[in-house]
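Here's a quick briefing to read alongside the model. Have a look at the structure first, then we'll walk through a few spots.

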Amino acid sequence: MQPTNMEPVPTAVMWDESLLRYRFSDTHPMAPVRLELTHALAGHLGVLDAPTVTVLTPPMATDEQLSAVHDADYIQRVREASQLDADGEGLGAERLEEIGLGTDDCPVFSDLHSSSARIAGGSLAAAEALWSGDYQHVVNFAGGMHHAHREKASGFCIYNDAALAIQRMLDLGAERVAYVDLDAHHGDGVESIFWDDPRVLTVSLHETGVALFPGTGFANDIGGTGAEGSAVNVALPAGSNDAAYLRAVHAVVPQLLRAFSPDVLVTQHGCDGHGRDPLADLQLSVDGQRQLMLDARDWAYDYAGDRWLALGGGGYSPFDVVPRAWTHLIAIAAGHPVARAEPLPDAWLALASQRSGMDLDELPETMHDAVDVWWRSWEVGFDPADPTDQSVMATRKAVFPLHGLDPWFD
Ligand SMILES: [Zn+2]
């Protein structure tokens, strides 16, 4: 499927080598090499040299900026923890644990505050660049830290750059912001921060919390009092493939965006839904993920005045999946899509082989998985016995009427 519009538009990509300092440990799944190899692949394929693309250096967010969505006490404790050794000696394990730090998921390291604030600063700068009109699309593939809560770290995420970007655009005058989370995991942090805010529509499609961290995000979680319908969750069965995920997305997202009519679209493109990602149990392909990026571009164009902030997120197959997925994301945002069958450049393969210790024949050869992407449209009917359709219908029944939509026919 071709997008309705692939005109190149002014596009910014947030990047600086300092983003590689977001590094919990040698063995932690959130490996900075995934960012390094994404940047390198986009560079080797010429994506960053496209005439409408500008690479911007992300600044570090200040404490005052971070406090737009985080408690001051939390920021202070993250700062203190960063001064300590990896065992958190000094702050006390209990005080660390209260804010979700010193755990297997979020161990302490010396650049914890500064590197997290750099990611956040990237999304804040992206928000400002979008809202000012300097750029129509901005990509911060180091961002998408969607599990961070107002008062605690969670799931490899310290500061919630997605929420900070959304809040910044509200503060600058946006009346409605839509956030669509395509990570394998529920976007619980972003949802919780805007739970009571009817100006922010959060939509998360993820592997069901029955099977996967963080264990939340079900159809009847719809937002707080006065904001009912502003939180939308599709909890998909473990093992869902491209066809199932794309069917769910197309049965929920465009309808809600049309009804909500946001000023700007923020999307989170965690690529841990890939079949070879070690942390989740979905079965997406790079081809399916690329289709979701084309869809996101279309949604921004059709429903959000062509203002689009695209973020990264999860992704724990750093050699095989992440660089290809997010290079597609940058290229699609820029309006210079990379062909699915494009061969991976030799120089990139050499770097990936060196970084991974893998032989060349263990690395992918092209920018796709050679999977045919298709899905059944909701308009052709739904199957009450199909688990994906049951999840989709539960979500449509829970929120569509709150947006003036018909769960059966829209
Ligand atoms: Zn994830």
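Let's start with Asp272, which counts as buried at 0% relative accessibility (buried means under 20% relative accessible area, with a 1.4 Å probe and protein chains only). This is a predicted model, where local features need pLDDT of at least 70, side-chain atom pairs count only at pLDDT 80 or more, and totals for chains, interfaces and linings use all residues. Residues are numbered from 1 along each chain as its sequence is written, and side-chain values use heavy atoms, with hydrogens and water left out.

**Zinc site**
- Asp272 (OD) is one of the protein donors of the zinc ion, along with Asp183 (OD) and His185 (ND1), and they lie 1.9 to 2.1 Å from the ion.
- Donors here are N, O and S atoms within 2.8 Å of the metal (3.2 Å for Na, K and Ca); water is not among the atoms, so sites may look incomplete.
- Along the sequence, the spacing of the donor residues reads D-x1-H-x86-D.
- His185 sits in the loop between β4 (177-181) and α7 (188-193) and Asp272 in the loop between β7 (264-268) and α9 (286-303), so this pair ties together parts 87 residues apart in sequence.
- Helices (H or I, at least four residues) and strands (E, at least two) are DSSP runs, numbered from the N terminus.
- His185 is buried too, at a relative accessible area of 6%.

**Around strand β3**
- From β3 (residues 137-140), His137 and Val139 point one way and Val138 and Asn140 the other, and all are buried.
- Strand β1 (residues 11-14) runs parallel to β3, joined by 3 bridges; pairing takes at least two DSSP bridges between two strands.
- Ala12 stands opposite Val138 in β3.
- β3 also pairs with strand β8 (residues 308-311) in the parallel sense, over 4 bridges, and there Asn140 has Leu311 as its bridge partner.

Technical notes
Buried means under 20% relative accessible area, exposed over 50%, partly exposed in between (1.4 Å probe, protein chains only).
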